[in-house]
Amino acid sequence: MKYLSMIERVTKFYSTLFGWQIEKNTSAGFDYYLINTKNDVDGRASSYSGGMIKKRAPADHTVIYVPSVEEYAKKVDENGGKILVQKTEVKDMGYFIYCKDSEQNRFVLWEGI
């Protein structure tokens, strides 16, 4: 079995969880990972929707907007992540679930109403 580096494991986690295409880019002089969340009709990457870099502080986290926090929380568990805070309502705004990915990085799933 091939050993996967931390970055390979974390990009695999998010690619599998959300169906994203993630590709490394070093043109800025450091490792930056372009995230494509959309595909055209042929299934080819049509645009970049975000990016990812190594976190700079342990408390850093990202908020990811999803149509259903419960649906994606199941996928987090199935893909080696962990739920830290179950579905919580923010009155008149939506719901969040606080998670950790496969490499212990924190992120939030957010579902607006």
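How many nonpolar, polar and charged residues does the lining of the largest pocket have? The first view takes that up.

**View 1. The largest pocket and its lining.** In this predicted model, the largest pocket holds about 710 Å³ of space. Its lining counts 27 residues, and M52, I53, K54, K55 and T62 sit closest to the pocket centre. Sorted by class, the lining splits into 13 nonpolar, seven polar and seven charged residues. As for where the lining comes from, α1, β2 (32-36), β5 (50-52), β6 (61-65) and β9 each chip in at least two residues.

**View 2. The buried side of helix α2.** Look along residues 69-78 and you'll find V69, Y72, A73 and V76 buried. These four span an arc of only 110° around the axis, so they end up on the same side of α2. That fits the usual helix bookkeeping: with 3.6 residues a turn, residues three or four places apart point the same way. The cover over the buried residues of α2 includes α1 (6-18), β7, β8 (94-100) and β9 (106-112).

**View 3. The other face of α2, and what follows the helix.** Turned away from the buried side of α2 are K74 and E78, both exposed. Just past α2, G80 adopts a positive phi of about 90°.

**View 4. How far to trust the coordinates.** Mean pLDDT for the protein chain is 86, with 89% of its residues at 70 or more. Among the elements, strand β7 (residues 82-90) has the highest mean, 97, while strand β4 (residues 45-47) has the lowest, 54. Where pLDDT is low, don't read the predicted coordinates in detail.

Key: Residues are numbered from 1 along each chain as its sequence is written. This is a predicted model: local features need pLDDT of at least 70, side-chain atom pairs count only at pLDDT 80 or more; totals for chains, interfaces and linings use all residues. Side-chain values use heavy atoms; hydrogens and water are left out. pLDDT is the predictor's confidence in each residue, from 0 to 100. Buried means under 20% relative accessible area, exposed over 50%, partly exposed in between (1.4 Å probe, protein chains only). The arc is that of the directions from the helix axis to the C-beta atoms. Contact means heavy atoms within 4.5 Å. On a 1 Å grid over the protein atoms alone, a cavity is a set of points where a 1.4 Å probe fits but cannot get out, and a pocket is an open set with protein on both sides within 12 Å along at least five of seven lines; lining residues have an atom within 4 Å of a point. Grid points are joined across faces, edges and corners, and a volume is the space filled by probe spheres set on the points. Ala, Val, Leu, Ile, Met, Phe, Trp, Tyr, Cys and Pro count as nonpolar, Asp, Glu, Lys and Arg as charged, and the others, Gly among them, as polar.
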